[in-house]
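Visitor: Please take me on a close look at one part of this model, from the middle of its sheet to what packs over it. I'd like to follow it residue by residue.

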Amino acid sequence: ERNENRGCAVCLLLSRDCLSGDFESVDNQVEVRIVRHVRERFKRSNSARLVAHTLRHCRIFDYGAMGTPFDAESSIPDGAWLLFSGDPESGATRPPPNARPSSLIVLDGTWPQARRMYKRLSVLASLPRVSLSPPANAPMRLRTPTTPEGMATSEAIARALELLGDADAAAALDRIFALMVQRLSRSGHR
């Protein structure tokens, strides 16, 4: 007998909303490395785990765990670019035209958490930065963005991969995010 009130160990959603059977395995062209604030780790609405279960070349590194220093050297490889809108006055460099990153670094958390991670991880300031424009037609979301360019992590990664020419990976992320939002909205869970 299936217990509808138990959570899935993979997607963290309740059994009736489980996404585990809906994940695609997409061979993305640019590796994605997500630096996730530790407080986001067990939130059902956190979309970073959707990305990690959809993209074959994706890793999540948790930041901010008590007693566990963050190892930026192993988390952020040479040739990486940062996906982050943040403060335009921060001195971030723009990627050269027609270039591709070895990896795309993404900060996952609320805006205040992401800004703090950016400020505390000084290596990020030297990375070429990809910024996204506010979406023209924003999809349905679980959380209301606090800034016009604000997006869920999976949504921002999809737009960045699309910008880098990986439409298949972007489409797969859009599909699983829409499904998560639909199921969580239907259940009233966040």
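Guide: Happily! Let's settle one word to begin with: a residue is buried when its relative accessible area is under 20%, exposed when that area is over 50%, and partly exposed in between, using a 1.4 Å probe and protein chains only. What you see is a predicted model, in which local features need pLDDT of at least 70 and side-chain atom pairs count only at pLDDT 80 or more, while totals for chains, interfaces and linings use all residues. Residues are numbered from 1 along each chain as its sequence is written, and side-chain values use heavy atoms, leaving out hydrogens and water.

Start with the sheet. Five strands make up an open sheet with parallel pairing, in the order 2-1-4-3-5. Strand 2 and strand 5 (129-130) are its edges, each pairing on one side only. Helices (H or I, at least four residues) and strands (E, at least two) are DSSP runs numbered from the N terminus, and two strands pair if DSSP finds at least two bridges between them.

Now zoom in on strand 1, residues 31-37, where seven of seven residues are buried. In a regular strand the side chains alternate between the two faces of the sheet. Here Glu31, Arg33, Val35 and His37 point one way, and Val32, Ile34 and Arg36 the other.

Strand 1 has parallel partners to follow. With strand 4 (residues 103-108) it forms six bridges; Arg33 is matched with Ile105 and Val35 with Leu107. Six bridges also link strand 1 to strand 2 (residues 58-63), where Asp62 is the bridge partner of Arg36. Between these two strands the chain passes through helix 1 (residues 48-54) in a right-handed β-α-β crossover: with the strands pointing away from the viewer, the path from the first strand over the helix to the second runs clockwise.

What packs over the sheet? Helix 4 lies across strand 1, strand 3 (80-83), strand 4 and strand 5, at about 160 degrees to strand 4. Axes are lines fitted to C-alpha atoms, for helices over the stretch in contact, with angles from 0 to 180 degrees between N-to-C directions; contact means heavy atoms within 4.5 Å.

Ala156 sits in helix 4 (residues 153-163). Ala156 counts as buried because its relative accessible area is 14%. Setting aside neighbours within four places in sequence, Ala156 contacts Leu83, Leu132 and Met151. Val106 is 50 residues from Ala156 in sequence, yet their C-alpha atoms are 8.9 Å apart.
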